[in-house]
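Visitor: Hello! Could you walk me through this protein, one small piece at a time?

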Amino acid sequence: MSDGKSILVDTSRCTGCRGCQVACKQWNGLAAEQTTQRGTYQNPPDFSHQTYKLVRFAEGKREGSREPYWYFFSDMCRHCVNPPCMVASENNEIVQDEETGAVIYTEATKNIDFEMARGSCPYNVPRQNPETKVVSKCTMCFDRIKSGMKPACVLACPTALDFGEREDILKLAEERVAELKKVYPKAKAIDAEDVRVIFIVTDDPKKYHEFAEA
């Protein structure tokens with residue numbers, strides 16, 4: 001496999017507009033979900049077979065200060081370089097695209113052990129359609145990529161998302177983290193060597209989301 005592609009998600013630049021979330025639903029033909037006001041900006045509450053991309057929201061107070069923080073985390077499948085979820089695939093129900101590195105769940109995932117697939121994912125991403133039993137998640141828009149287009153979420157975001165050759169994205173992540181560290185000492189690129197969707201954060205990853213970091 002070539003080095004493939006990668007997406008960079010810079011949470012320090014995310015405004016929480018949810019344009020990426022909407023673009024994902026539009027491109028993949030995913031239905032809207034019935035939601036309720038739960039006292040948080042985040043909606044729907046979690047991934048589902050109809051929601052592959054979700055802007056998570058976390059708030060709290062900074063250590064040793066009364067100053068609040070509001071963190072947005074544009075969550076999605078990380079498309080691991082060596083996908084642990086493939087342990088649940090015995091007959092190519094889950095495949096890795098040779099050109100892009102995207103991890104693809106086929107319709108045949110209705111035959112796999114869903115709990116094994118979800119339990120093996122350190123980011124708690126896979127979800128199952130309760131009716132068809134098909135397991136699904138973000139595809140990295142590999143169909144768009146193969147047609148020379150950017151992933152839908154990246155195209156929709158002029159601020160926080162970048163896409164390109166993996167080598168270039170890793171370099172961009174390194175440069176951006178070095179810049180952020182001048183102001184935010186805890187800035188880091190999460191699991192950059194192991195995943196294709198790389199998140200940059202300025203604080204402890206667990207403050208953004210329980211499964212932000214492997």
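Visitor: Which residue stands opposite I190 in β10?

Guide: Welcome! This is a predicted model, in which local features need pLDDT of at least 70 and side-chain atom pairs count only at pLDDT 80 or more, while totals for chains, interfaces and linings use all residues. Residues are numbered from 1 along each chain as its sequence is written, and side-chain values use heavy atoms, leaving out hydrogens and water. Strands here are DSSP runs of E with at least two residues, helices are runs of H or I with at least four, and both are numbered from the N terminus. Across from I190, in β10, stands F199.

Visitor: In what sense do β9 and β10 pair?

Guide: Two strands pair if DSSP finds at least two bridges between them. β9 and β10 (residues 197-201) have three bridges. Their hairpin has six residues between the strands, and D191 there takes a positive phi near 50°. The sense of the pairing is antiparallel.

Visitor: Which strand is joined to β10 by four bridges?

Guide: This partner runs parallel to β10. Its residue L8 has I198 of β10 as bridge partner. The strand, residues 5-10, is β1.

Visitor: What is the order of the strands in the open sheet of four?

Guide: The pairing in this sheet is mixed. At the edges, pairing on one side only, are β8 (161-165) and β9 (188-190). The order is β8-β1-β10-β9.

Visitor: How many residues of β10 are buried?

Guide: Buried means under 20% relative accessible area, exposed is over 50% and partly exposed lies in between, with a 1.4 Å probe and protein chains only. V197, F199 and V201 point one way, I198 and I200 point the other way, and all are buried. The count for β10 is five of its five residues.

Visitor: Which residue in β3 stands opposite L54?

Guide: β2 (residues 54-61) and β3 (residues 68-75) pair in the antiparallel sense over eight bridges. They form a hairpin with six residues between them, where G64 has a positive phi of about 65°. Opposite L54 stands D75.

Visitor: Which residues of α1 are buried?

Guide: Helix α1 covers residues 19-28. Just after α1, G29 takes a positive phi of about 65°. The buried residues of the helix are C20, Q21, A23, C24 and K25.
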